[in-house]
Amino acid sequence: MLETGRASAGRGGEDRRGAEAEGREVTIVSGGCPTVVIIGGGFTGAVVAANLARDKSMEGWQIAVFEPRECLGCGLAYDTDDPAHRVNVPAGRMSLDPDDADHFVRWMELRGEPRDDRDARAPDGHLYPRRGLFGRYVADVVAPHLGNGRIVHHRQRVISVERRGGDWEIRGDAGSTLRADVLVMATTHPAPAAPAGIDSVLRGHPRYVSDTTVPGALAAIRPNDHILIIGTGLTAADVIASLRTTGRTGPITAYSRRGLRSRGHPSRTQDPYGDFTAPSRTATELLVRVRRAVADAEADGFSWHAVFDALRGQGGEIWRSLPVAERRRLIRHLRPFWDVHRFRIAPQIDAIVRAGLQSGDIRIQAGRIDRLERNGDEIAATFRRRHGAGIEHWNVDAVVVTTGPAHKAVLKSQPWLETLSADGYLQPDAVGLGLACSETSRALDRQGRETETLFIAGPLARGTFGELMGLPQVNDHAIFVAEQVAAFARGRGAAEAALASVDARSVR
């Protein structure tokens, strides 16, 4: 069980005495109670924890979550009070209970939500509430398990993880040290990475925003600033909406290599269209099939959205059928097209972007920056348009990076991940999307072997499972990981019971 307060020397005693000297609270593990520790209490970690807390196989186990935010369940995506940030999926598809599609909608109705949000309902009749409200919903689902002690929230950032015999030792930045029988990594995405050369030129500029997830990241941008956005996907759309809804009316230029922007939702509800479960041997073969399906769908009165909905639902099977070399080709050549069609923006955000494009005060360009110069706070960019379409010279006041998480750098994003990698317990996946894991979502070590008690939950497992970015898919995967942990607990309990029986017979 967990003890909080004065710590004696012993296992990790020197660290604990140092923490006490600094006046920090110290939490240690005393023997007897098996423990599962989840690192990361955003959406994924909260869903894993809640499902473990409800599983009878976990009776007698302690469930601990390390998460520095005040509430479990919000994470980077939903820990926001920006009124422009909306869920990108209709509320009716965001239930945490796969067997109760209306769970989130009923939760809102019972609380009179969404209140003070007259724009929450889109013209198509669907609700797209603010993301902060959805974060409150997830936190509310987890709260009873915190109240009854089934889940313990350590509001700390993990600073080290080490293997100690058959256990994992986890240390937090506020002094807690826990021993875990099972470790679940539900850590957040790495920060975005600016294109080469840009960060070195602009670092320290008062209106250079390298990471939009930092609270108040856009605060220094002035109302009439000309803003350059690097990236044209979901995050770029969020930034544009945030700027426009807070009175920043200056011109916005966004660019990416291909100039593809995230699309909106269809004007009417459609069933998924197409069957792609028959294995595709190459990424090219899959592309041909998708293009054919889009043409057939149009002839039958469906939009491309219905085809991509089918692809999303069948994503795991499609991904597993492709050889690793073809997965890499798909990521390298087709991923940008997939992302802008698969990950759609809320109608309210789409309307803001469309209005800006129509008026001309928002431009989206395809190409690359050839040269970037800074003279004091002035920023000059030389832009080469794609396919030799010419060169443009821009003078801008602010630069915002929205290139998305730097997944290839995940093992260097936090010291404890670097340590586990150096010790051989973690390795990058074969396609550069996250961490290598097995079909049971257990981490694969340097030799490609499963580590029985180390699990990868959430988008960092995409290299194995494919489609793991949309909320319904992440929710399903978190439930799956909880089931795998519970199965391990049952197996361990059965083995201990069998051993106890043998010992009892030997005594007799």
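Me: How many Å² does the protein chain expose?
Reply: Accessible area is found by the Shrake-Rupley method with a 1.4 Å probe. Here the protein chain exposes about 23,500 Å², and carbon and sulfur atoms supply 50% of that area. This is a predicted model, in which local features need pLDDT of at least 70, side-chain atom pairs count only at pLDDT 80 or more, and totals for chains, interfaces and linings use all residues. Residues are numbered from 1 along each chain as its sequence is written, and side-chain values use heavy atoms, with hydrogens and water left out.

Me: What share of the residues is buried?
Reply: Buried residues (under 20% relative accessible area, 1.4 Å probe, protein chains only) make up 50% of the 508 in the protein chain.

Me: How many helices and strands are there?
Reply: Helices (H or I, at least four residues) and strands (E, at least two) are DSSP runs, numbered from the N terminus. The protein chain has 15 helices and 18 strands. Along its principal axes, the C-alpha trace spans about 85 × 55 × 50 Å.

Me: Which strands pair with strand 13?
Reply: Strands pair if DSSP finds at least two bridges between them. Strand 12 (residues 252-256) runs parallel to strand 13 (residues 362-375), with 5 bridges; A254 has I364 in strand 13 as its bridge partner. Strand 14 (residues 378-385) is antiparallel to strand 13 and is joined to it by 8 bridges, with G367 opposite R385 of strand 14.

Me: Which residue takes a positive phi in the hairpin of strand 13 and strand 14?
Reply: That residue is G376, with phi near 65°. The hairpin has 2 residues between the strands.
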